[in-house]
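Let's take a walk through a protein model together. Keep the 3D view open and turn it as you read.

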Amino acid sequence: MNKEELNANLKKYAELIVKVGVNVQPGQTVVLYISDRQPEFAHMIVKEAYQAGAADVMVKWDDTFVSQQFLEHASEERLANVPQYLVDESQYIVDKHAARISVLSEDPAAFAKINPKRVAKNSAAMGKATNAVRVATQNNDLTWTVVGAADTAWAKQVFPDLSDDEAVDKLWREIFKTARVDNDDPIQAWKEHKDQLESKAAWLNEQQFDTLQYHSPRTDMEVGLPKNHVWVGAGSTSADGIPFMPNMPTEEVFTAPDKRRINGHVTSTKPLSYAGTLIEGMEFTFKDGQVVKATAKKGQKTLDHLLQTDPGVRSLGEVSLVPDPSPISQSGIIFYNTLYDENASDHMALGAAYPFSVVGGTEMSPVELDQAGLNSSQEHVDFMMGSDDMNIDGVKADGTVVPVFRNGDWA
């Protein structure tokens, strides 16, 4: 597409992010996390936010080179200790009930050549330092959205046979398509999509299954569900009553499992980009809710370090249903980016559960959430395990078995 067409789409995308993604309210603080390689797009988002009435917009620029140098050369002590100003900033964002916009565009393998122990050490430290924001986000105490933007290193990973410019152009086209920016009225298109996903979530909530059983040639697993669990599809509502769209794109309905009742074997079906490293061919064995064996064909050390982050990361915090006929899956593209790949496949998440996944969960104490079976961790890492030969059954407390998925689609 030419420059004029790209800018027109970027403007529609920025408006969609501000009005539907985080639904900026008059007088609200907005925080934008974005790469320094996306200045024009960042400026469009900032402009849209102020036009929507934002009081101020904090732009948190990410520079991959600077991050690489820090992770490679900083002292061990500095890697493990985050400056107090970042802790204070995290609390400030929570206190302001700020709208958080995260734009993902980084190289999926940006930190692949850096010692994974160093990456893991700093990741754990940052997780603790920004815990206030993480908890507020998981509770939907504030509005937040995660979106994508095309950049050369990522685009070349997805489309290695194209030139740099062609790859970036094609990735932008796919991003616009999956975010419904190419519709005449993207905002109306998202409303209709939201309604469709929420109808699936409503059916699942009526069923109140006791367990889900997953079967495919690669996976044989039973996942217990908490009492009064809540399936969520597409949109969310903040504690202030503001509707927003956490992920754009999204094709999923999800809930939290009972962390004590997860047993069996599950195999990933798409690569996972975690901490700047690609992990491929993961296989997990669970017993009584805990990972007892974890292997990967590529990225084993990174996977090992992830599973050492804290005790909670060895259980699951999310189970998500995504039909294989979804547009992202049918594109046949592996994006090497969880935001996109998770919306092409059923997936699960190691680590923290969202408290809103059980009735009244956002008002529960950590002890009460634990008693309800919801997992806690400073990590929440989705991995894709769905396929076109995946069958899923819901089993009710009385033993009734109800087909949920057949051959990767709604039964």
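Where is the place of Ala120? Ala120 belongs to helix H6, and we'll use this residue as our starting point. Keep in mind that what you see is a predicted model. Is Ala120 buried or exposed, or something in between? Its relative accessible area is 23%, and a residue has to be under 20% to count as buried, so Ala120 is partly exposed. Now look for Gln308. Along the sequence, Ala120 and Gln308 are 188 residues apart, yet from C-alpha to C-alpha they are 9.0 Å apart in space.

Ala120 also takes us to a hole in the protein. A search of the whole structure turns up 1 cavity of 30 Å³ or more. The volume of the largest cavity is about 100 Å³. Its lining is made of 15 residues, and Ala120 is one of those nearest the centre, together with Pro116, Val119, Tyr274 and Ala275. Which helices each supply at least two residues of this lining? They are helix H6 (116-129) and helix H11 (300-306), and H6 gives the largest share, with 5 residues. Sorted by class, the lining has 9 nonpolar, 5 polar and 1 charged residues.

From the cavity, let's move on to a pocket. The second largest pocket has a volume of about 320 Å³. There are 18 residues in its lining, and those nearest the centre are Gln138, Pro355, Pro366, Leu369 and Ser376. Helix H7 (131-138) and H14 each bring at least two residues to this lining. As for classes, the lining of this pocket divides into 8 nonpolar, 7 polar and 3 charged residues.

Next stop: the strands. Find the open sheet of 5 strands, with antiparallel pairing and the order S7-S10-S16-S17-S18. Which are the edge strands of this sheet? They are strand S7 (232-233) and S18, as each of these pairs on one side only. At one edge, S7 runs antiparallel to S10, and 2 bridges join them. Val232 has Phe254 in S10 as its bridge partner. At the other edge, S17 and S18 pair in the antiparallel sense over 5 bridges, and there Gly351 stands opposite His380 in S18. Although S18 is an edge strand, it is mostly covered, with 4 of its 5 residues buried. A handy rule for looking at sheets is that, in a regular strand, side chains alternate between the two faces of the sheet.

Remember Phe254, the bridge partner of Val232? Phe254 also leads us to the aromatic rings. The structure holds 14 aromatic pairs. In one of them, the rings of Phe254 and Phe356 have centres 6.2 Å apart. Why is this pair called edge-to-face? The planes of the two rings stand at 70 degrees, and anything over 60 counts as edge-to-face, so the pair gets that label. The pair links distant parts of the chain: Phe254 sits in strand S10 (residues 253-255), while Phe356 is in the loop between strand S17 (347-351) and helix H14 (366-372), 102 residues apart. Both Phe254 and Phe356 are buried.

Other rings are worth a look too. Tyr13, Phe41, Trp172 and Phe176 are linked by ring pairs into a cluster. A charge meets a ring as well: Arg180 lies over the face of Trp190, at 5.4 Å from the ring centre.

Let's finish with some unusual backbone spots. Most residues other than glycine have a negative phi, and most peptide bonds are trans. Now find His97, which has a positive phi of about 50 degrees although it isn't a glycine. His97 lies in the loop between helix H5 (84-95) and strand S3 (99-104), and its relative accessible area of 30% makes it partly exposed. Gln208 isn't a glycine either, and it has a positive phi of about 50 degrees. You'll find Gln208 in the loop between helix H10 (186-207) and strand S5 (211-215); with 30% relative accessibility, Gln208 counts as partly exposed. Finally, which residues does a cis peptide bond join? They are Met248 and Pro249, and omega there is about 20 degrees. Pro249 is in the loop between strand S9 (243-244) and S10.

Notes: Residues numbered from 1 in each chain as written. Predicted model: local features only at pLDDT ≥ 70, side-chain atom pairs only at ≥ 80, totals over all residues. Heavy atoms only, no water. Phe/Tyr/Trp six-rings, centres within 6.5 Å; stacked < 30°, edge-to-face > 60°. Buried < 20%, exposed > 50% of the residue type's maximum accessible area, 1.4 Å probe, protein only. Lys NZ or Arg CZ within 6 Å of the ring centre and 35° of its normal. 1 Å grid on protein atoms, 1.4 Å probe; cavity = no way out; pocket = protein on both sides within 12 Å on 5 of 7 lines; lining within 4 Å. Points joined across faces, edges and corners; volume = space filled by probe spheres on them. Nonpolar A, V, L, I, M, F, W, Y, C, P; charged D, E, K, R; others polar. Pairing = 2+ DSSP bridges.
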